[in-house]
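Colleague: I would like a close look at one part of this protein, with enough of the surroundings to place it. Please start from a single loop residue and work outwards.

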Amino acid sequence: MTEYKSDLIQTLVSRGYLNQATDIEALDAAANDGRITGYIGFDITASSLHVGSLVQIMMLRRMQQAGHRPIILIGGGTTKIGDPSGKDQSRQMMSEEKIAANVAGILKPFERLMTIGDGPTDALVVNNDEWLSKFGYLDFLRTYGPHFTINRMLTFESVKLRLEREQPLTFLEFNYMLLQAVDFLELARRYDCTLQLGGGDQWGNIINGVELCRRIDQRTVFGFTTPLITTASGAKMGKTADGAVWLNDDLLSAYEYWQFWRNTEDADVGKFLKLFTDLPLDEIARLEGMEGAELNQAKVVLANEATAMLHGAEAAKAAEKTAQATFAAGGAGGALPTFEVETAQLSSGLPVLALLTGAGFAESNGEAKRLVKGGGVRVNGEIVKDPQATVSVADLQDGAIKISAGKKRHALAKPG
């Protein structure tokens, strides 16, 4: 492996973050010579980011750890259009009120994983609506339109993918890459930002920004992208059969987050330890070298480190303890997600299907019935075979009824 001079690039490369970069030697030299500023943009299409965004957040964390200044660019403006990268269909339009409401939720993981403030290496939070909303359409076209050619834009992967699949690509979305390029130019002017980081699907958008900064301001700036993070079986990071792995604990409990990492595939343990924890590389090599049953110890370390980083050390310990009680000892586990059921319903007999929907394991009785028929539903550890089965006050154990769907989803129903 190439030895880089700067701590930043050496860390990013050795821990597996590099996919493509523009003039990485010059970027390495700049990072070695002094403090640089880099950014990643996050559109705010939901009230929380999920694990698929975590590798990007971790890169900003690596920047701060190496003594550089990260910018968290909130896409208040670009969210109004929607990034076509990696998408088969147009995003639904969101109101400005909904976008504003999502901002606080989006920032929660950043507040855990890095220092936000006014210090020289503190992360800055910037919203691109500050400048994008102020452009007049004709002024925007006159200023930036001449620097983009349709010929070139059609070669970018995000556009080619949609056209090859004969999926509509609206003119609205086609403008997205222009807006992202202007973001880079604005951040370069306002904050002397010289680096944009992002996922591999952002390469074309990032290149546009690099070239725009050079053409208009004669600035030298850089781009750096990560590979698409997938599991060993080819699944996209951040999605499971149970749904999105959210980073905010109001959408996914610390215990469920811990379980996600504990259930990492064997072949991914080393990769994920490098990307998503701060453990030294020699310690990761030792853990990665474990085999058989011992590898489960490495998965527990991964789960503890990743959960402690986002939710705190106490939450990680509680999750591990709950997992031991739930799976090793067959107990209920006090930190499992809980939900309330009416005591009157329990007294008269509450359908198991209602437990499944109440726990969020099924969105409808029909879906819940299919789970039961599939043999994956348990009440207090006992398999439920009859979709018409009910539970009552007699099923309470330590004041709760444990409902399970498959091996990974568990919750406690408590009378309230």
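Modeller: Q218 is found in the loop between α11 and β6 (222-226). The model is a predicted one, and what follows should be read in that light. Q218 is exposed, since its relative accessible area of 61% is over the 50% cut-off. Its backbone has a positive phi of about 55 degrees, although Q218 is not a glycine. Most residues other than glycine have a negative phi.

D23 offers a second case of this kind. D23 also is not a glycine, and its phi is positive, at about 45 degrees. This residue sits in the loop between β1 (20-21) and α2 (24-33). D23 is partly exposed, with a relative accessible area of 47%.

Back at the first loop, the helix before it holds C213. Helix α11 covers residues 203-217, and C213 is within it. C213 has a relative accessible area of 0%, so it counts as buried, whereas Q218 is exposed. Beyond its neighbours within four places in sequence, C213 is in contact with Q218, R219 and V221, and also with F184, L185 and A188. As for R189, its C-alpha is 9.3 Å from that of C213, with the two positions 24 residues apart in sequence.

Further along the chain comes helix α12 (residues 254-262), which is mostly covered, with seven of its nine residues buried. The buried ones are A254, Y255, Y257, W258, Q259, F260 and W261. Ring pairs join Y257, F260 and W261 to F272 and F276 in a cluster.

The aromatic rings deserve a word of their own. A search of the whole structure gives 10 aromatic pairs. In one of them, F42 and F110 have ring centres 5.0 Å apart and planes at 70 degrees, so this pair is edge-to-face. F42 belongs to strand β2 (residues 37-42) and F110 to helix α4 (residues 96-113), so the pair ties together parts 68 residues apart in sequence. Both partners are covered: F42 is buried at a relative accessible area of 5%, and F110 is buried at 0%. Another pair is formed by F260 and W261, whose ring centres are 5.0 Å apart and whose planes are at 75 degrees, so this pair too is edge-to-face. F260 and W261 are both buried.

Now the chain as a whole. The protein chain has 19 helices and 15 strands. Its radius of gyration is 24 Å, close to the 22 Å that the globule rule gives for 416 residues, so the chain is as compact as a globular protein of that length. The C-alpha trace spans about 75 × 50 × 40 Å along its principal axes. Of the 416 residues, 48% are buried. Among contacts with a separation of 6 or more, 73% are between residues 24 or more positions apart.

On the outside, the accessible surface comes to about 19,400 Å², and carbon and sulfur atoms account for 48% of it. The chain carries 42 positive and 51 negative charges, and the mean positions of the two sets are 2 Å apart.

Key. Residues are numbered from 1 along each chain as its sequence is written. This is a predicted model: local features need pLDDT of at least 70, side-chain atom pairs count only at pLDDT 80 or more; totals for chains, interfaces and linings use all residues. Side-chain values use heavy atoms; hydrogens and water are left out. Rings of Phe, Tyr and Trp (its six-membered ring) pair if their centres lie within 6.5 Å; planes under 30 degrees apart count as stacked, over 60 as edge-to-face and the rest as tilted. Helices (H or I, at least four residues) and strands (E, at least two) are DSSP runs, numbered from the N terminus. Buried means under 20% relative accessible area, exposed over 50%, partly exposed in between (1.4 Å probe, protein chains only). The radius of gyration is taken over C-alpha atoms; the globule rule is 2.2 Å times the number of residues to the power 0.38. Contact means heavy atoms within 4.5 Å. Accessible areas come from the Shrake-Rupley method with a 1.4 Å probe; for residues, only the protein chains shown count as cover. Lys and Arg count as positive and Asp and Glu as negative; His and the chain ends are not counted. The place of a charge is taken as NZ of Lys, CZ of Arg, CG of Asp or CD of Glu.
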